[in-house]
Amino acid sequence: MKEWFKAVVSRIKAWLSHLSFRTGVIILALCIPCYILSFAQMMLPISNTAKVVLWFILFGMAKTTQYTGLTIIGVEGWKRLKEWFKRNK
């Protein structure tokens, strides 16, 4: 990879890691509606081209929010979330 690209990626990761755990959880939760919409739109009576474009956009948003939320939460936050789910079962 180019050096400038690595520098930009590391700056973005550093900025995202400074956001709060709660913000990470909210952004991570936003991926669920995006996933649902990306597949539910297939039932709309529109052309196949429009369906592909909508799926591409919505699925991309879902993946972006998923990975952004996981980056904000980090490893320790992920362990914290897993423990919370175990306690509340």
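Which ring does the charged end of Arg-80 sit over? I started my notebook with that one, and the ring belongs to Phe-21, with the charged end 3.9 Å from its centre.

**Entry 1: confidence.** I reminded myself that this is a predicted model, so I looked up the confidence next. The mean pLDDT of the protein chain comes to 89, and 99% of its residues reach 70 or more. I then went through the chain by element: confidence is lowest in helix α1 (residues 3-17), with a mean of 86, and highest in α2, with 92.

**Entry 2: aromatic pairs.** I turned to the rings and got a count of 6 aromatic pairs. One of them joins Phe-39 and Phe-59 edge-to-face, at 6.1 Å centre to centre and with 80 degrees between the planes. I noted edge-to-face because 80 degrees is past the cut-off of 60. Where do the two partners lie? Phe-39 belongs to helix α2 (residues 21-40) and Phe-59 to helix α3 (residues 48-87), so this pair ties together parts that are 20 residues apart in sequence.

I also checked how open these two are to the outside. Phe-39 is partly exposed, its relative accessible area being 49%. Phe-59 is partly exposed as well, with a value of 22%.

**Entry 3: a second partner for Phe-59.** I found that Phe-59 also pairs with Trp-55, and here the rings are stacked: 4.7 Å centre to centre, with 15 degrees between the planes. Both sit in helix α3, 4 residues apart, so about one helical turn separates Trp-55 from Phe-59. For Trp-55 I wrote down a relative accessible area of 29%, which means partly exposed again.

Stepping back, I saw that ring pairs link Tyr-35, Phe-39, Trp-55 and Phe-59 into a cluster.

**Entry 4: the largest pocket.** My last stop was the largest pocket, whose volume is about 230 Å³. How many residues line the largest pocket? I have 13 in my notes, and Val-25, Leu-28, Leu-81, Trp-84 and Phe-85 lie nearest the centre. Helices α2 and α3 each supply at least two residues of this lining, and α3 gives the most, with 7 residues. By kind, I sorted the lining into 10 nonpolar residues and 3 charged ones, with no polar residues.

**To keep in mind.** When I come back to this predicted model, I will begin with the cluster of Tyr-35, Phe-39, Trp-55 and Phe-59, then revisit Arg-80 over the ring of Phe-21.

Methods. Residues numbered from 1 in each chain as written. Predicted model: local features only at pLDDT ≥ 70, side-chain atom pairs only at ≥ 80, totals over all residues. Heavy atoms only, no water. Phe/Tyr/Trp six-rings, centres within 6.5 Å; stacked < 30°, edge-to-face > 60°. Buried < 20%, exposed > 50% of the residue type's maximum accessible area, 1.4 Å probe, protein only. Lys NZ or Arg CZ within 6 Å of the ring centre and 35° of its normal. pLDDT = per-residue confidence, 0-100. 1 Å grid on protein atoms, 1.4 Å probe; cavity = no way out; pocket = protein on both sides within 12 Å on 5 of 7 lines; lining within 4 Å. Points joined across faces, edges and corners; volume = space filled by probe spheres on them. Nonpolar A, V, L, I, M, F, W, Y, C, P; charged D, E, K, R; others polar.
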